[in-house]
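Please open the structure in a viewer and keep the selection tool at hand. This tour proceeds stop by stop, stating what to select and what is to be found there.

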Amino acid sequence: MTRERVAVRFSRDASLANASQTDILQAWAEALRASRLPVELTTGRSPRPRFALAAHLPAGYTSEAEWAEVSLSEDVEPSRVVDALASTLPPSMRPLEARRMSPGEPSLHAQLKFAEYRVVLGAPARAADLERRIDDFFARRSFEWEESFDGRVKHFDLLALVDDLWVEQSEGGLALGLRLDASTTGTGRPDSVLAGLGLTDIASRHRTRLIFSYLPEAVLLWRRIGRFLNERPER
(Lines give C-alpha, C1' and ligand atoms only; values in the text may rest on other atoms or scores of the structure.)
Protein backbone atom coordinates (compact mmCIF):
# COMPACT_ATOMS: atom_id res chain seq x y z
CA MET A 1 0.00 0.00 0.00
CA THR A 2 1.34 3.42 -1.00
CA ARG A 3 1.31 6.02 1.74
CA GLU A 4 0.63 9.59 0.73
CA ARG A 5 1.15 12.41 3.21
CA VAL A 6 -0.64 15.74 3.25
CA ALA A 7 0.31 18.75 5.35
CA VAL A 8 -2.71 20.75 6.51
CA ARG A 9 -2.56 24.24 8.01
CA PHE A 10 -5.37 25.14 10.37
CA SER A 11 -6.37 27.84 12.83
CA ARG A 12 -7.38 27.69 16.48
CA ASP A 13 -9.62 30.37 17.95
CA ALA A 14 -9.99 31.73 21.48
CA SER A 15 -12.41 29.00 22.57
CA LEU A 16 -9.48 26.54 22.35
CA ALA A 17 -6.87 28.79 23.95
CA ASN A 18 -6.72 26.58 27.04
CA ALA A 19 -7.53 23.23 25.44
CA SER A 20 -5.18 20.38 26.26
CA GLN A 21 -3.08 18.67 23.63
CA THR A 22 -5.11 15.53 24.28
CA ASP A 23 -8.32 17.40 23.42
CA ILE A 24 -6.86 18.68 20.16
CA LEU A 25 -5.60 15.25 19.14
CA GLN A 26 -8.98 13.70 19.94
CA ALA A 27 -10.79 16.31 17.85
CA TRP A 28 -8.50 15.60 14.90
CA ALA A 29 -8.91 11.84 15.21
CA GLU A 30 -12.70 12.16 15.23
CA ALA A 31 -12.66 14.59 12.29
CA LEU A 32 -10.49 12.27 10.20
CA ARG A 33 -12.72 9.28 10.96
CA ALA A 34 -15.79 11.27 9.85
CA SER A 35 -14.17 12.85 6.80
CA ARG A 36 -14.48 9.86 4.44
CA LEU A 37 -10.95 10.52 3.29
CA PRO A 38 -8.77 7.41 2.69
CA VAL A 39 -6.90 7.97 5.95
CA GLU A 40 -4.31 5.33 6.79
CA LEU A 41 -4.86 3.62 10.14
CA THR A 42 -2.32 2.52 12.69
CA THR A 43 -1.88 -1.18 13.34
CA GLY A 44 -2.77 -2.95 16.55
CA ARG A 45 -5.86 -3.80 18.53
CA SER A 46 -7.24 -0.25 18.39
CA PRO A 47 -6.47 1.25 14.98
CA ARG A 48 -6.65 5.02 14.81
CA PRO A 49 -6.07 7.59 12.05
CA ARG A 50 -2.39 8.07 11.34
CA PHE A 51 -1.59 11.76 11.77
CA ALA A 52 0.66 14.05 13.82
CA LEU A 53 0.73 17.70 14.78
CA ALA A 54 3.86 19.67 13.94
CA ALA A 55 4.07 21.52 17.24
CA HIS A 56 2.40 22.07 20.59
CA LEU A 57 0.60 25.41 20.97
CA PRO A 58 1.26 27.10 24.33
CA ALA A 59 -1.73 27.52 26.63
CA GLY A 60 -3.54 30.82 26.24
CA TYR A 61 -2.64 31.27 22.56
CA THR A 62 -4.77 31.40 19.44
CA SER A 63 -3.21 30.56 16.09
CA GLU A 64 -3.45 30.78 12.34
CA ALA A 65 -0.35 28.64 11.82
CA GLU A 66 -0.98 25.14 13.17
CA TRP A 67 0.03 22.23 10.93
CA ALA A 68 -1.03 18.60 10.89
CA GLU A 69 0.56 15.80 8.88
CA VAL A 70 -2.00 13.24 7.68
CA SER A 71 -1.18 9.87 6.09
CA LEU A 72 -3.50 8.66 3.30
CA SER A 73 -3.70 5.29 1.60
CA GLU A 74 -4.13 6.91 -1.82
CA ASP A 75 -3.45 10.24 -3.51
CA VAL A 76 -6.05 12.94 -2.84
CA GLU A 77 -6.16 16.50 -4.14
CA PRO A 78 -5.16 18.86 -1.32
CA SER A 79 -8.23 21.02 -1.95
CA ARG A 80 -10.44 17.97 -1.35
CA VAL A 81 -8.69 17.37 1.97
CA VAL A 82 -9.42 20.95 3.05
CA ASP A 83 -13.08 20.67 2.00
CA ALA A 84 -13.55 17.34 3.78
CA LEU A 85 -12.01 18.56 7.03
CA ALA A 86 -13.94 21.84 6.91
CA SER A 87 -17.12 19.86 7.47
CA THR A 88 -15.80 17.58 10.22
CA LEU A 89 -13.37 19.62 12.31
CA PRO A 90 -14.94 21.77 15.06
CA PRO A 91 -15.67 25.38 13.96
CA SER A 92 -12.96 26.47 16.40
CA MET A 93 -10.38 24.67 14.21
CA ARG A 94 -10.63 25.80 10.60
CA PRO A 95 -8.54 24.16 7.84
CA LEU A 96 -6.87 26.88 5.77
CA GLU A 97 -4.71 25.09 3.20
CA ALA A 98 -3.10 21.77 2.36
CA ARG A 99 -0.17 20.53 0.30
CA ARG A 100 1.24 17.18 -0.71
CA MET A 101 4.41 16.10 1.05
CA SER A 102 7.11 14.52 -1.10
CA PRO A 103 8.11 10.87 -0.50
CA GLY A 104 11.51 11.65 1.01
CA GLU A 105 10.37 14.64 3.01
CA PRO A 106 11.00 14.45 6.77
CA SER A 107 8.09 14.78 9.17
CA LEU A 108 6.80 18.28 9.83
CA HIS A 109 8.01 18.04 13.41
CA ALA A 110 11.54 17.17 12.25
CA GLN A 111 11.53 20.09 9.80
CA LEU A 112 10.35 22.68 12.30
CA LYS A 113 12.88 25.45 12.90
CA PHE A 114 11.14 28.55 14.30
CA ALA A 115 7.74 29.69 15.57
CA GLU A 116 6.55 33.29 15.32
CA TYR A 117 4.12 34.99 17.68
CA ARG A 118 2.32 38.33 18.02
CA VAL A 119 1.57 39.46 21.57
CA VAL A 120 -0.62 42.55 22.02
CA LEU A 121 0.12 44.53 25.16
CA GLY A 122 -2.77 45.33 27.46
CA ALA A 123 -1.90 48.60 29.17
CA PRO A 124 -1.08 51.65 27.03
CA ALA A 125 2.58 51.26 26.16
CA ARG A 126 5.16 53.30 24.32
CA ALA A 127 7.03 51.82 21.39
CA ALA A 128 10.24 53.45 22.62
CA ASP A 129 10.00 51.66 25.97
CA LEU A 130 9.38 48.29 24.30
CA GLU A 131 12.30 48.81 21.91
CA ARG A 132 14.54 49.68 24.87
CA ARG A 133 13.58 46.41 26.59
CA ILE A 134 14.41 44.52 23.39
CA ASP A 135 17.77 46.27 23.05
CA ASP A 136 18.64 45.51 26.69
CA PHE A 137 17.66 41.87 26.18
CA PHE A 138 19.94 41.38 23.16
CA ALA A 139 22.75 43.37 24.76
CA ARG A 140 23.32 40.51 27.21
CA ARG A 141 25.90 37.83 26.57
CA SER A 142 23.44 35.30 28.03
CA PHE A 143 20.18 35.31 29.98
CA GLU A 144 20.20 32.58 32.60
CA TRP A 145 16.66 31.34 33.25
CA GLU A 146 14.99 28.57 35.20
CA GLU A 147 11.57 26.94 34.98
CA SER A 148 9.86 23.93 36.51
CA PHE A 149 8.85 21.09 34.21
CA ASP A 150 7.05 18.09 35.68
CA GLY A 151 8.34 18.93 39.14
CA ARG A 152 11.95 19.37 37.99
CA VAL A 153 13.78 22.68 37.72
CA LYS A 154 15.46 23.28 34.38
CA HIS A 155 18.19 25.90 33.91
CA PHE A 156 18.92 27.28 30.45
CA ASP A 157 19.99 30.34 28.47
CA LEU A 158 16.79 32.12 27.43
CA LEU A 159 18.67 34.36 25.00
CA ALA A 160 19.85 31.35 22.98
CA LEU A 161 16.24 30.42 22.20
CA VAL A 162 15.26 33.83 20.78
CA ASP A 163 16.00 34.50 17.10
CA ASP A 164 14.35 37.93 16.88
CA LEU A 165 12.05 40.38 18.66
CA TRP A 166 10.37 43.41 17.11
CA VAL A 167 7.70 46.05 17.74
CA GLU A 168 4.64 46.27 15.53
CA GLN A 169 1.23 47.91 15.51
CA SER A 170 -1.90 45.78 15.48
CA GLU A 171 -5.61 46.44 15.60
CA GLY A 172 -5.51 45.90 19.35
CA GLY A 173 -2.63 48.31 19.92
CA LEU A 174 1.11 48.00 20.41
CA ALA A 175 2.38 44.46 19.88
CA LEU A 176 5.56 42.48 20.30
CA GLY A 177 6.64 40.09 17.56
CA LEU A 178 8.70 37.07 18.53
CA ARG A 179 10.60 34.50 16.48
CA LEU A 180 11.66 31.66 18.76
CA ASP A 181 13.55 28.42 18.34
CA ALA A 182 11.15 25.53 17.82
CA SER A 183 13.61 22.86 16.67
CA THR A 184 14.38 19.53 18.23
CA THR A 185 17.43 21.06 19.90
CA GLY A 186 15.47 23.65 21.87
CA THR A 187 12.04 25.21 22.18
CA GLY A 188 11.53 28.83 23.15
CA ARG A 189 8.43 29.53 25.23
CA PRO A 190 6.93 32.94 24.45
CA ASP A 191 5.67 33.44 28.00
CA SER A 192 9.20 32.94 29.31
CA VAL A 193 10.45 35.69 27.00
CA LEU A 194 7.63 38.00 28.07
CA ALA A 195 8.55 37.42 31.71
CA GLY A 196 12.22 38.02 30.92
CA LEU A 197 11.29 41.35 29.33
CA GLY A 198 9.17 42.29 32.34
CA LEU A 199 5.92 42.33 30.34
CA THR A 200 2.96 41.14 32.40
CA ASP A 201 -0.10 43.01 31.09
CA ILE A 202 -1.03 41.09 27.93
CA ALA A 203 -4.25 41.59 25.94
CA SER A 204 -3.87 38.74 23.45
CA ARG A 205 -1.44 36.02 22.42
CA HIS A 206 -1.33 34.62 18.90
CA ARG A 207 0.92 32.32 16.86
CA THR A 208 1.32 33.70 13.35
CA ARG A 209 3.71 31.29 11.62
CA LEU A 210 5.72 28.08 11.85
CA ILE A 211 8.93 28.08 9.84
CA PHE A 212 10.18 24.79 8.41
CA SER A 213 13.69 24.05 7.15
CA TYR A 214 12.97 21.43 4.48
CA LEU A 215 13.98 22.13 0.89
CA PRO A 216 12.37 20.15 -1.96
CA GLU A 217 14.58 17.59 -3.67
CA ALA A 218 14.62 19.65 -6.88
CA VAL A 219 16.19 22.58 -5.01
CA LEU A 220 18.75 20.33 -3.37
CA LEU A 221 19.62 18.75 -6.74
CA TRP A 222 20.11 22.16 -8.33
CA ARG A 223 22.38 23.18 -5.46
CA ARG A 224 24.46 20.05 -5.97
CA ILE A 225 24.83 19.98 -9.76
CA GLY A 226 22.36 22.24 -11.55
CA ARG A 227 24.25 25.45 -10.98
CA PHE A 228 27.22 23.99 -12.86
CA LEU A 229 25.29 23.06 -16.02
CA ASN A 230 25.75 26.43 -17.70
CA GLU A 231 29.46 26.62 -16.96
CA ARG A 232 31.67 25.97 -19.95
CA PRO A 233 34.43 23.39 -19.50
CA GLU A 234 37.95 24.75 -19.55
CA ARG A 235 39.85 24.22 -22.77
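Two rings of Phe, Tyr or Trp, the six-membered ring being used for Trp, form an aromatic pair if their centres lie within 6.5 Å; planes under 30 degrees apart make the pair stacked, and planes over 60 degrees apart make it edge-to-face. By this rule, the count is 7 aromatic pairs. The model on display is a predicted one, and some of these pairs will serve as landmarks below.

**The whole chain**

Begin with the entire protein chain in view. Its secondary structure consists of 6 helices and 11 strands. Taken along the principal axes, the box filled by the C-alpha atoms is roughly 65 × 55 × 40 Å. A residue counts as buried if its relative accessible area is under 20%, and 41% of the 235 residues fall in that class. The accessible surface of the chain is about 13,900 Å², and carbon and sulfur atoms account for 48% of that surface. Among contacts between residues at least 6 apart in sequence, 72% join residues at least 24 apart.

**Strand β1 and its partners**

Select residues 4-12, which form strand β1. Is this strand enclosed or open? Of its 9 residues, 7 are buried, so β1 is largely enclosed by the rest of the structure.

Now add residues 62-72, strand β3, which runs antiparallel to β1 and is joined to it by 8 bridges. One place to look is Glu-4, whose bridge partner in β3 is Leu-72. Next, add residues 93-101, strand β4; this strand also runs antiparallel to β1, with 8 bridges between them. Here Arg-12 stands opposite Met-93 of β4.

**Helix α1**

Move to residues 21-34, helix α1. At 1.5 Å a residue, its 14 residues should span 20 Å, and its end C-alpha atoms are indeed 20 Å apart. Colour Ile-24, Ala-27, Trp-28, Ala-29, Ala-31 and Leu-32, which are the buried residues to inspect in this helix. The buried residues of α1 pack against β1, β2, β3, α2 (78-86) and β4.

**The loop after α1**

Follow the chain onward to Arg-36, in the loop between α1 and β2. The phi angle of Arg-36 is near 65 degrees, a positive value in a residue other than glycine. Arg-36 is exposed, with a relative accessible area of 78%.

Thr-42 is found in the loop between α1 and β2 (51-53) as well. Is Thr-42 buried or exposed? With a relative accessible area of 15%, Thr-42 is buried. Leaving aside neighbours within four places in sequence, the contacts of Thr-42 are with Pro-47, Arg-48 and Arg-50.

**Two aromatic pairs**

Return to the aromatic pairs, of which there are 7 by the rule given at the start. Select Trp-28 and Phe-51: their ring centres are 6.3 Å apart and their planes lie at 25 degrees, so the pair is stacked. Trp-28 belongs to helix α1 and Phe-51 to strand β2, so the pair ties together parts that are 23 residues apart in sequence. Trp-28 counts as buried at 0% relative accessibility, and Phe-51 counts as buried at 13%.

Then select Tyr-61 and Tyr-117, whose ring centres are 5.5 Å apart and whose planes lie at 70 degrees, so this pair is edge-to-face. Tyr-61 is in the loop between β2 and β3 and Tyr-117 is in strand β5, so that the pair links distant parts of the chain, 56 residues apart. Both Tyr-61 and Tyr-117 are buried.

**Helix α4**

The last stop is helix α4, residues 127-139. Its 13 residues should span 18 Å at 1.5 Å a residue, which agrees with the 18 Å between its end C-alpha atoms. Which side of this helix is buried? Select Leu-130, Ile-134 and Phe-137, which are buried. They cover an arc of only 60 degrees around the axis, which puts them on the same side of α4. An α-helix has 3.6 residues a turn, so residues three or four places apart point the same way. On the other side of α4, Asp-135 and Ala-139 are exposed. The cover over the buried residues of α4 includes β5 (112-121), β8 (162-170) and β9 (173-183).

Finally, display the rings of Phe-137, Phe-138, Phe-143 and Trp-145, which ring pairs link into a cluster.

Definitions and conventions
Residues numbered from 1 in each chain as written. Predicted model: local features only at pLDDT ≥ 70, side-chain atom pairs only at ≥ 80, totals over all residues. Heavy atoms only, no water. Helix = DSSP H or I, 4+ residues; strand = E, 2+ residues; numbered from the N terminus. Expected span 1.5 Å × (residues − 1). Buried < 20%, exposed > 50% of the residue type's maximum accessible area, 1.4 Å probe, protein only. Arc of directions from axis to C-beta. Contact = heavy atoms within 4.5 Å. Pairing = 2+ DSSP bridges. Areas by Shrake-Rupley, 256 points an atom, 1.4 Å probe, with all protein chains shown as cover.
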